[in-house]
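Q: Please take a close look at how one helix contact is built, and then set it beside the other elements described for this chain. A connected account in prose would be preferred.

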Amino acid sequence: RFPPPAATHPRALARARQRDIRTPPGHVRASLTMSLSCVSGMSRLGACVGSPRVATNRAIAVRVVISRKERVTAPKKSCRRGVTLRATATAGSPVATSTDTRVSSDFADLWRWLERNGVDTSKATPKLMDDGDGGRQWGLAATKDLGSGEAVLQVPETLWMTKATAIASPVGALLEEQPAWVLVASQLLYEKSLGAESKFAEYVRCLPTTLTAPLFWTAEELSLIQGSQLFQNAAGYDMYVRSTYQTLKDTVFDANEKIFPDSNFSEAQFLWAFGTLRARCLPPVDVGDEIALVPGLDLVNHSGLVNAVWTRNGGGLGSVFGGKGAGNSMLFRADSKTVSGTECFVNYGPAKVDSQFLLDFGFCDSFCQRPGYVLGPIEIPDTDVNQFDKKDILDVAGFKQAPSFTLRAFEDPPPELRVFARLLNVKDEDAFLLEAIFRQESWGLISDPVSKRNEQEACSTMVGGCEGALNEYPTRVEEDRLVAEDASLPSSKRLAARVVMGEKQALTETLGYFVGIEGKLDKMEYYQERRLRSLNLLDRDGNSTYDPFDDTMA
């Protein structure tokens with residue numbers, strides 16, 4: 001297990017055992033305040049300080065405690081309340097200040113390398129699509145007319161950079177116990193240090209040296225996303241990657257300078273390698289031990305208007321569709337009929353929202369906007385006396401013990417979120433629904449209102465959290481819209497305003513949804529009424545039908 005990013009950071013301590021690049025230790029994930037502050041050592045959804053709902057929720061700490069008095073102005077090099085995000089684009093930083101030096105001959109060399117290793121590259125070729133500010137840069141264009149569903153490019157696993165290839169490389173013996181992403185990132189830097197002698201030399205030369213994700217933004221650019229989930233997530237990654245690097249430098253890199261020369265294993269280069277994995281590893285090889293870089297295939301640009309995705313091919317008979325040889329491979333297929341010379345696309349994440357795209361890839365889809373907010377992972381508090389029963393119910397219902405929910409602008413929140421909010425607040429006289437005898441039916445039972453008190457507290461949890469989160473933003477939606485629509489501004493500023501505006505819209509929709517439910521509490525039917533009605537002990541008007549002198553009632 002890796003040491004947490006900061007021994008004094010409670011969120012980091014709680015996450016220290018996680019090793020997934022998508023949710024790494026210290027990655028401060030969104031909770032219902034959508035601000036991810038660590039106030040008074042708390043990191044769960046809790047009542048907002050100063051909110052009139054505090055009294056009704058004090059016993060169940062299910063929102064991050066947020067003081068509305070602690071609003072902070074736009075940051076320079078540090079963010080608010082203990083989470084630091086250092087601007088990467090500083091003088092002397094090779095990652096931030098270098099320009100894109102890739103030329104067509106580099107990609108031609110990559111294509112020849114793929115061909116020499118048995119890849120059929122006859123259907124697509126690299127092409128500079130848009131080198132303007134915020135443009136797509138290099139992508140893949142069809143070299144012949146393609147039919148819908150036709151395999152365009154298939155790359156065998158023998159050409160991937162994976163955990164296994166990293167362990168087999170000189171860095172593997174020294175980093176074997178590290179998470180897969182650390183291994184792959186370190187191999188990438190090692191191969192880069194070898195230059196032309198590397199097996200992956202042609203591939204490494206085609207990787208961009210400048211990344212555009214918020215992890216690499218300037219202090220001025222970071223100030224534009226102050227108070228947002230995007231800011232906090234970027235801060236979490238920044239803290240985690242830098243602390244991981246420092247630990248590796250102290251324990252491995254400095255002691256083995258021949259393999260890990262400082263010129264190629266600096267903090268800036270380690271951040272670049274991490275950012276490269278985030279931007280180029282797509283499902284199904286983007287998480288855990290499966291993480292992998294797939295040369296050539298990662299040149300395909302994103303479009304939210306297509307359904308094409310990377311597909312793992314297990315070999316055998318299926319290997320004849322688009323590639324040579326057998327064995328594991330990764331391919332993508334044309335989403336529709338594609339005319340020769342036009343660009344090919346895949347969808348990087350059909351379920352992702354704008355903030356996730358910007359965090360991972362450094363862009364948002366301008367043709368298929370997805371304003372929203374990812375809520376979670378949300379954990380059942382350790383202070384909840386029914387914690388284990390609730391986790392068991394989540395497991396039986398097919399959820400993770402710390403589930404996430406996506407809030408989307410202009411849509412009602414997912415119905416599962418409302419049920420989860422009820423589960424978080426089940427206690428006292430309602431806790432019988434958590435008993436083992438109801439285990440298989442518990443999620444279904446709380447899918448309808450449990451009791452007036454429980455429904456009130458569930459709504460209060462959500463409303464208070466949304467209010468607290470919205471209070472954290474230093475700008476208004478109208479201000480964000482002006483920036484997002486100003487074509488004279490750099491793309492990073494417009495993207496930042498668009499993402500922040502989308503987060504606020506999703507929060508506002510969720511807030512209004514639960515406020516509406518609060519206004520209907522007296523008109524709802526709760527568990528006890530439903531149960532009595534099922535036993536014919538209540539009539540349609542809610543009056544008792546019980547007659548102690550009626551023998552048939554027994």
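**A helix pair in its context**

A: In the protein chain, 70% of the contacts with a separation of 6 or more are between residues 24 or more positions apart. The model is a predicted one, and its protein chain holds 19 helices and nine strands. Of the 554 residues in that chain, 54% are buried.

The part chosen for close inspection is the pairing of helix α17 (residues 477–484) with helix α18 (residues 491–518), whose axes lie 8 Å apart and meet at an angle of about 150°. Since angles over 145 degrees count as roughly antiparallel, α17 and α18 are therefore roughly antiparallel to each other. Their crossing is left-handed. On the α17 side, the contact draws on Val477, Asp480, Arg481, Val483 and Ala484. On the α18 side, Lys493, Arg494, Ala497, Arg498, Val500, Met501, Lys504 and Gln505 take part. By class, the contact residues comprise six nonpolar, one polar and six charged. An α-helix has 3.6 residues a turn, so residues three or four places apart point the same way. The positions that α18 contributes to the contact can be read with that spacing in mind, among them Lys493, Ala497, Val500 and Lys504.

Which residues does Ala497 touch, once its neighbours within four places in sequence are left aside? Its contacts are then Asp480, Val483 and Ala484, each of which also belongs to the α17 side of the helix contact. Ala497 itself has its place in α18. The C-alpha atoms of Ala497 and Asp480 are separated by 4.9 Å, although these residues are 17 apart along the chain. The relative accessibility of Ala497 is 6%, and it is therefore classed as buried, the limit being under 20%.

Another helix pair may be set beside this one. Helix α7 (residues 180–194) and helix α11 (residues 267–280) pack at an angle of about 115°, and their axes are 9 Å apart. Here the crossing is right-handed, whereas that of α17 and α18 is left-handed. From α7, Trp181, Val184, Ala185, Ser186, Leu188, Leu189 and Lys192 enter the contact. They meet Gln269, Phe270, Trp272, Ala273, Phe274, Thr276 and Leu277 of α11. This set of residues consists of 10 nonpolar, three polar and one charged, while the contact of α17 with α18 includes six charged residues. In the loop between α6 (172–175) and α7 lies Gln178. With a relative accessibility of 18%, Gln178 counts as buried. Its C-alpha atom is 10.0 Å from that of Lys163, a residue 15 places away along the chain.

The strands add a further element of the fold. Three of them form an open sheet in the order β3-β6-β5, with antiparallel pairing. Because β3 (151–156) and β5 (311–313) are the edge strands, each having a single partner, one side of each has no neighbour in the sheet. From one strand to the next, the twist averages 30°. Strand β6 (residues 329–333) is joined to β5 by three bridges and to β3 by five. Leu331 of β6 is the bridge partner of Thr311, and Gln154 also stands opposite Leu331. Although β3 is an edge strand, six of its six residues are buried, so β3 is largely enclosed by the rest of the structure.

A second strand pairing links strand β8 (residues 372–375) to β9 through four bridges, the two strands running antiparallel. Within this pairing, Leu375 stands opposite Phe405 of β9. Strand β9 (residues 405–408) has Phe405 and Leu407 on its covered face, with Thr406 and Arg408 on the uncovered one. Helix α14 (residues 415–425) is mostly covered, nine of its 11 residues being buried. Its buried residues include the nonpolar Leu417, Val419, Phe420 and Ala421. Arg418 and Arg422, which count as charged, are also among the buried residues of α14.

To return to the part under inspection, α17 and α18 pack with axes 8 Å apart, and the buried Ala497 contacts Asp480, Val483 and Ala484 across that pairing.

How values were computed
Residues numbered from 1 in each chain as written. Predicted model: local features only at pLDDT ≥ 70, side-chain atom pairs only at ≥ 80, totals over all residues. Heavy atoms only, no water. Axes fitted to C-alpha atoms, helices over the stretch in contact; angles between N-to-C directions. Parallel < 35°, antiparallel > 145°, perpendicular 65-115°, else oblique. Left-handed = near helix turned anticlockwise from the far one by under 90°. Contact = heavy atoms within 4.5 Å. Pairing = 2+ DSSP bridges. Buried < 20%, exposed > 50% of the residue type's maximum accessible area, 1.4 Å probe, protein only.
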